[in-house]
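Please look over the sequence and the structure before reading on. The report that follows takes up the overall fold, the core, the strand pairing, some loop residues and the confidence of the model.

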Amino acid sequence: MKYFFSLPAVLALFITAFNVQAHDIRIRDAWVRAAPPNAPALGAFMQIDNRSDAERYLVSARTSLEVERVELHRTMMHDGIMQMVPQARIPLAPAGVTRLEPGSWHVMLIGPKKVPVEGETVPLTLIFDDGSERQVEAVVQKGKQMTHEHKQMQSQQKKHEHKQTHSHEHKQDPGQGMSSD
Ligand SMILES: [Cu+2]
């Protein structure tokens with residue numbers, strides 16, 4: 001019976017450890033960009049504060065919204081074309097703010113069964129390198145016009161509604177994305 005009593009104690013220790021570490025990470029201003037009902041993917045954005053003095057990483061995300069899968073992406077210039085590149089993790093600089101925003105790092109909800117409308121909220125769970133999790137409600141709202149962001153869905157399949165352009169002339173000032181939305 002010793003096992004019976006000690007297991008909860010061990011679990012409690014783990015939970016305490018996670019809670020302590022999770023205080024280092026704070027998420028603000030989470031939002032999902034409003035999209036047409038047939039959108040093949042939804043971008044989710046936020047600001048992540050890392051209040052620790054160590055580099056941390058966002059390693060995955062999930063949602064209770066019904067989707068095919070969730071990926072971490074970064075929009076970047078590649079061979080003169082802005083495209084989204086799946087990321088294994090998103091680095092969170094020590095004592096810094098990392099902005100997930102259109103044209104940069106973002107969480108991508110791929111293959112939503114039903115696209116939420118403006119004003120709805122999307123529950124997101126962010127998972128960090130130490131195993132801790134943070135939950136946020138991301139509000140669906142219109143983003144600024146971004147013509148380049150989603151035009152290269154990694155190699156495959158579905159064509160999507162985003163305009164095709166082979167320049168980055170519409171790239172936004174990274175400083176504008178979140179603060180004014
Ligand atoms: Cu993406």
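## Burial and overall layout

Of the 181 residues in this protein, 27% count as buried. The model is a predicted one, and the chain in it contains one helix and 10 strands. Reading from the N terminus, the order of elements is α-β-β-β-β-β-β-β-β-β-β, with the helix placed ahead of the strands.

If one takes the contacts between residues at least 6 apart in sequence, 71% of them join residues at least 24 apart. One pair that is distant in sequence is Pro 36 and Val 115, which are separated by 79 residues along the chain but by 7.3 Å in space, from C-alpha to C-alpha.

## The nonpolar core

In soluble globular proteins, nonpolar side chains tend to be buried together. In this model the largest nonpolar core has 28 residues, and those with the most contacts inside it are Ala 30, Ala 44, Leu 58, Val 107, Leu 109, Leu 124 and Ala 138. At least two residues of this core come from each of strand 1, strand 2, strand 3 (56-63), strand 6 (90-92), strand 8 (105-110), strand 9 (121-128) and strand 10 (133-141). Strand 2 gives the most, with six residues.

Which residues are in contact with Leu 109, leaving aside its neighbours within four places in sequence? They are Ala 41, Leu 42, Ala 44, Thr 63, Leu 65, Val 67 and Val 70.

## How strands 1, 9 and 10 pair

Strand 10 pairs with strand 1 and also with strand 9. With strand 1 it runs parallel, and three bridges join the two; within this part of the structure, Val 32 stands opposite Val 140 in strand 10.

Strand 9 and strand 10, on the other hand, pair in the antiparallel sense over seven bridges, and Thr 121 stands opposite Val 139 in strand 10. These two strands form a hairpin with four residues between them, and in its turn Gly 131 has a positive phi of about 90 degrees.

## Residues in the loops

Most residues other than glycine have a negative phi. Asp 79, although not a glycine, has a positive phi of about 50 degrees, and its place is in the loop between strand 4 (69-78) and strand 5 (81-87). Ala 95, which is also not a glycine, has a positive phi near 50 degrees, and this residue lies in the loop between strand 6 and strand 7 (96-100).

Are these loop residues buried or exposed? Asp 79 is exposed, because 5 other C-beta atoms lie within 10 Å, and a residue counts as exposed at 12 or fewer. Ala 95 has 12 other C-beta atoms within 10 Å, and therefore it is exposed as well. Pro 36, in the loop between strand 1 (25-33) and strand 2 (41-50), is likewise exposed, because it has 9 other C-beta atoms within 10 Å.

## Confidence in the model

The pLDDT of the protein averages 79, and 67% of the residues score at least 70. Over residues 145-181, however, the pLDDT is below 50, although this stretch has 63 contacts in the model beyond near neighbours in sequence. Where pLDDT is low, the predicted coordinates should not be read in detail.

Technical notes: Residues are numbered from 1 along each chain as its sequence is written. This is a predicted model: local features need pLDDT of at least 70, side-chain atom pairs count only at pLDDT 80 or more; totals for chains, interfaces and linings use all residues. A residue is buried if 20 or more other C-beta atoms lie within 10 Å of its own, exposed if 12 or fewer, and partly exposed in between; C-beta atoms are placed from the backbone. Two residues are in contact if their C-beta atoms, placed from the backbone, lie within 7 Å. A nonpolar core is a set of buried Ala, Val, Leu, Ile, Met, Phe, Trp, Tyr and Cys residues joined through C-beta atoms within 7 Å. Two strands pair if DSSP finds at least two bridges between them. pLDDT is the predictor's confidence in each residue, from 0 to 100.
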